[in-house]
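Dear colleague,

Please find below the structure that I am handing over to you, followed by an account of what was found in it.

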Amino acid sequence: MIGAGPGNPELLTLLAQRRLAEADVIVYDRLVNPALLAPYAAEKIDVGKLPHHHKVSQYQINDMLVELAQSGKRVARLKAGDPYVFGRGGEEGQYLKQHHVAFEVVPGLTSAIAGLAAAGIPITHRDYASSFHVITGHRKAEGKELDWANIAHQEGTLVFLMGMEQLATIADQLMVNGMSATTPVAVIQWATHWKQRSVSADLATIVDVVTAAKIGAPALIVVGGVVKLMPELQPQLALQGLHLLIPFKAESKLFAALQDEGASVNYFDRRKKQPRAVALPDMAAGGTLVITDFAAFHYFQQQLLTLGVDGRSLNHWQLVAMNQVVANRLQETGLLADALYDEQQLDLTQPVVYLGEQAALAQLNGPATAQYLATYERIAVPQSVDLADFHAVVFPSSASVNDLYAGCDEAQRAQLQTMTCFAMGQTVADECQKLGLHAIVAAPSYDDVIQAVKKEFSTDESNRVTGR
Ligand code: SAH
């Protein structure tokens with residue numbers, strides 16, 4: 001049972017990360033940020049519950065966990081915040097115990113504390129609160145009333161979870177039971193997610209303010225003097241609230257740089273390289289090997305190795321690198337290219353073998369007498385992200401443009417064409433244009449991309465539109 005933290009994927013614990021990477025299946029709730037699941041290969045099951053509309057009942061979830069575990073799978077039960085703060089983590093634990101399923105609890109940052117900080121509210125402060133109380137606002141629905149007289153007389157900060165439907169009742173009960181109508185109140189929706197919003201008012205006015213701002217669940221209701229610190233302590237980052245899509249993992253420096261400016265970043269999956277079995281040439285015969293990209297050479301060598309043939313078999317071959325990048329990669333593995341590619345210079349009296357990716361080789365117009373070995377192919381990964389949730393896409397390379405496009409269906413492609421894109425370099429922008437995407441060109445460095453993003457999206461969040 002794993003706590004996912006309040007939403008921002010970087011607020012996961014190290015142990016949670018490791019357990020998610022080790023899991024065969026991840027069973028997660030509605031409040032878990034999908035961006036957090038992107039890096040993990042496990043099967044993912046959404047048992048998210050919408051208020052009143054129970055998608056999967058708690059009984060079904062319990063049984064599912066037991067069945068999955070008994071079938072020998074490693075199950076990660078991922079819950080928002082901390083697993084033992086509301087959200088029925090304790091009940092699930094009891095059920096597992098009764099059914100002799102061993103489990104571990106991996107704590108998470110609870111929204112009741114971390115969610116306040118994200119809006120600039122310290123849950124305690126020497127001037128305002130020397131205790132805090134985390135309370136469910138949902139108790140009435142379970143037929144039980146809260147002890148309002150007791151709650152209203154606490155000196156510390158009150159944090160209500162699952163309380164949005166009861167906001168008016170909460171405010172009334174606190175006032176009826178003696179709390180001042182001028183007590184500060186804040187409501188924070190989707191804390192630490194890109195769509196985080198917050199408002200503050202006092203007990204007498206909070207309902208009107210929340211209604212006017214159209215803030216709903218999931219949200220935290222915070223009552224107490226600490227709310228006064230919000231204007232002073234609220235994080236002020238240039239890209240706060242901006243939601244960006246970037247290619248999967250590989251560009252993790254860009255990920256960090258954008259997050260540091262306050263943006264929320266999600267990945268999309270790149271195309272996968274899938275090795276292909278090919279009929280290998282007679283290595284003893286010798287000839288010319290044209291290496292169009294390094295990965296193709298790598299898979300070629302892998303296949304030779306499975307036949308018990310190693311690098312020494314290249315003795316009789318002239319190595320031609322498609323470009324300097326390939327030559328450099330070859331050199332890193334201890335091989336010096338004999339030449340850079342020039343079709344006119346090929347010795348066609350000897351065998352000529354091209355190594356490359358399947359689609360790339362098919363497009364290459366080499367000599368008819370040459371042999372073409374596609375040692376791998378790139379497979380599109382269907383994109384599960386909802387493009388409508390993003391303000392923009394950042395493309396660091398032409399390949400990343402093609403990879404995202406290849407994995408999109410027709411509707412997603414149409415959507416992409418209406419979105420703001422940032423291309424790192426003119427070549428990447430040209431690639432975007434070919435596919436009908438509109439890209440803002442930035443120089444190919446992280447700093448320049450960040451400057452371009454900042455220039456486009458001011459801190460005034462009302463100027464931003466997602467694809468919705
Ligand atoms: N175990 C969770 C709480 C689960 S109860 C935790 O420790 O945070 C679900 C309630 O938590 C929601 O109704 C909402 O009140 C609150 N909540 C969880 N994540 C939130 C977030 N990111 N922003 C605002 N409220 C959140």
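Between domain 1 and domain 3, five residues of the former are in contact with six residues of the latter, contact meaning heavy atoms within 4.5 Å. The centres of domain 1 and domain 3, taken over C-alpha atoms, are 30 Å apart. The full division of the protein chain is domain 1 (2-109), domain 2 (112-233), domain 3 (243-271 + 381-463) and domain 4 (273-379), with bounds from an automatic or database domain assignment.

This is a predicted model, in which local features need pLDDT of at least 70 and side-chain atom pairs count only at pLDDT 80 or more, while totals for chains, interfaces and linings use all residues. Residues are numbered from 1 along each chain as its sequence is written, and side-chain values use heavy atoms, with hydrogens and water left out.

As to the ligand, 18 residues lie around it, each with a heavy atom within 4 Å. Val 85, Thr 110, Ser 111, Ala 191 and Ala 219 come nearest. Domain 1 and domain 2 each supply at least three residues of this shell. By class, the shell holds 13 nonpolar residues, four polar and one charged; Gly is counted as polar, and Asp, Glu, Lys and Arg as charged.

Polar contacts (pairs of N or O atoms within 3.5 Å) reach nitrogen atoms of the ligand from the backbone. For Pro 6, a backbone N or O atom is 2.8 Å from a ligand nitrogen, and for Asp 82 the distance is also 2.8 Å. A polar backbone atom of Ala 191 lies 2.7 Å from a nitrogen of the ligand. On its own the ligand has 540 Å² of accessible area, of which the protein covers 93% (Shrake-Rupley method, 1.4 Å probe).

Finally, the cysteines. With a disulfide taken as two cysteine sulfur atoms within 2.5 Å, the count is zero. Cys 408 has its nearest cysteine sulfur, that of Cys 421, 10 Å away; Cys 408 is buried (under 20% relative accessible area), at 6%. For Cys 421, the nearest cysteine sulfur is that of Cys 432, at 5.5 Å, and Cys 421 is buried at 0%.

Yours sincerely

Terms used
Polar contact = N/O pair within 3.5 Å; in protein donor to acceptor, adjacent residues only side chain to side chain. Buried < 20%, exposed > 50% of the residue type's maximum accessible area, 1.4 Å probe, protein only.
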